[in-house]
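Here is a quick tour of two helix pairs, one per chain, for anyone opening this structure for the first time. Have the view ready and follow along.

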Amino acid sequence: MTSEKNLLNSSCFDPEIRAIEKEIVEFFATKASEVTGRHPITSKVMTYFYIRKELTQHDLQALTGFSAGTISKSVRKLLKMNIITKETIPGTHKHIYTMEKLPFISPQYFLMTESIIDDRIRELEEMKKTLEANREEMKKFEIYHKSYETVTQLLRLLPTVSVFFEKIEEELKKRID
Amino acid sequence: MNSNNQSTAKQKLKKIENGIADIITNLSFLKGRQPKISKIIALTYLHRKTTQKQLRELTGYSLGTISNAVQSLEKMGIIRKTQDPQTREYNYELEGTIAQPGSRSVTNIFEYFSQQKQFLKKIKTKLAQQHLSNKKGYEELSQFVNKMEDIFPAIEHATQKILTQVSEQNRSGSD
């Protein structure tokens with residue numbers, strides 16, 4: 001038995017609207033992938049979440065035409081990226097996946113980014129110490145210089161990532177409120 | 001003793017090299033970039049110049065994976081391919097630096113923003129057709145388009161600000 005949710009999400013859009021939706025998904029999947037290097041399948045699935053907010057894996061299969069395995073893999077990826085959340089549909093063993101907001105402004109996404117960045121900064125500081133302490137022995141190897149330069153550069157760059165998200169939030173508040 | 005010291009230094013350096021590549025790969029995951037692609041970018045950057053063979057030794061990925069990855073990175077304007085006149089082997093180099101992405105990929109971003117603006121405008125015109133406004137799915141699509149129209153200028157603006165900031169930092173940092 002197919003759940004009502006399933007039918008509701010996968011095929012209920014008006015055909016003309018559905019055609020426009022396909023056009024949107026195609027655009028974001030190809031164009032955005034070119035720019036970000038994101039996998040086209042991930043982009044496609046993400047765009048469906050942007051538009052439809054909540055979907056089951058079954059819905060996603062119906063919408064994209066991808067296999068169950070492909071869908072399950074990309075759903076897992078989006079869960080890991082904190083872009084969607086997973087819930088069980090009451091009274092069933094089915095899961096429904098939800099994207100509350102766009103990932104850029106989801107506080108969860110933002111917080112995760114920040115803690116990841118902090119950990120990376122600590123690791124980089126350790127590396128910098130090791131590189132500096134062993135400079136004499138290490139500088140003979142060609143890769144030493146580029147490694148040192150990269151560590152320093154990343155240490156300068158990473159704090160700006162949080163600033164980047166703050167700036168986006170600022171801008172959005174100005175526009176949306 | 002001396003050669004012993006040297007081999008530990010080499011090992012430590014190797015560990016750091018992998019550490020840096022992992023960090024870059026990890027951070028790129030936030031953007032949804034494929035880990036294998038990010039690792040290839042990071043290693044090409046650290047080694048300044050790589051060949052497909054060398055990338056294979058460094059990553060353990062199959063030649064097919066590597067050849068696909070370098071091809072798409074070349075298309076994205078992230079790496080540049082040159083041919084060694086003697087060995088006839090192809091060398092890969094990164095355009096620009098990690099902190100300040102290659103000028104071509106920055107141009108790509110802004111080109112993408114403007115393409116997107118045009119695209120959303122086109123979709124809006126389509127949705128504005130009278131007979132569609134009470135059709136199922138109309139609300140969802142309109143909301144999506146409106147949200148995108150709010151968000152992308154914000155991202156564009158923030159990107160511009162950050163790029164200016166990073167390039168200023170690089171300038172003062174390289175002195």
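## Two helix pairs

In chain B, helix 2 touches helix 3: B:K39, B:I40, B:L43 and B:T44 come from helix 2 of chain B, and B:L55, B:L58 and B:T59 come from helix 3 of chain B. Sort the residues of that contact by type and you get four nonpolar, two polar and one charged. Keep in mind that this is a predicted model.

How do the two helices sit against each other? Helix 2 of chain B covers residues 35-46, helix 3 of chain B covers residues 52-59, and they pack at an angle of about 110° with axes 11 Å apart. Because angles from 65 to 115 degrees count as roughly perpendicular, helix 2 of chain B is roughly perpendicular to helix 3 of chain B. Their crossing is right-handed.

Now stay with helix 2 of chain B for a moment. Its twelve residues should span 16 Å at 1.5 Å a residue, and its end C-alpha atoms are indeed 16 Å apart. Is this helix mostly buried or exposed? Nine of the twelve residues are buried, so helix 2 of chain B is largely enclosed by the rest of the structure. Among the buried ones are B:I37, B:I41, B:A42 and B:Y45, and the list also includes B:I40, B:L43 and B:T44, which take part in the contact with helix 3 of chain B. Right after the helix comes B:R48, with a positive phi near 65°.

Over in chain A, look at helix 3 and helix 4. Helix 4 of chain A covers residues 57-64, and the axes of the two helices come within 11 Å and cross at roughly 110°. That makes helix 3 of chain A roughly perpendicular to helix 4 of chain A. The crossing is right-handed. On the helix 3 side of chain A the contact uses A:V45, A:Y48, A:F49 and A:R52, while helix 4 of chain A brings A:L60, A:L63 and A:T64. These contact residues split into five nonpolar, one polar and one charged.

Helix 3 of chain A is mostly covered, with eleven of its 13 residues buried. The buried set includes A:M46, A:Y50 and A:I51, along with the contact residues A:V45, A:Y48, A:F49 and A:R52.

Here are some values for the main helix of each pair:

| Helix | Residues | End-to-end C-alpha distance | Following residue and its phi |
|---|---|---|---|
| Helix 2 of chain B | 35-46 | 16 Å | B:R48, near 65° |
| Helix 3 of chain A | 40-52 | 18 Å | A:K53, near 65° |

Notes. Residues numbered from 1 in each chain as written. Chains lettered and ligands numbered in written order. Predicted model: local features only at pLDDT ≥ 70, side-chain atom pairs only at ≥ 80, totals over all residues. Heavy atoms only, no water. Axes fitted to C-alpha atoms, helices over the stretch in contact; angles between N-to-C directions. Helix = DSSP H or I, 4+ residues; strand = E, 2+ residues; numbered from the N terminus. Parallel < 35°, antiparallel > 145°, perpendicular 65-115°, else oblique. Left-handed = near helix turned anticlockwise from the far one by under 90°. Contact = heavy atoms within 4.5 Å. Nonpolar A, V, L, I, M, F, W, Y, C, P; charged D, E, K, R; others polar. Expected span 1.5 Å × (residues − 1). Buried < 20%, exposed > 50% of the residue type's maximum accessible area, 1.4 Å probe, protein only.
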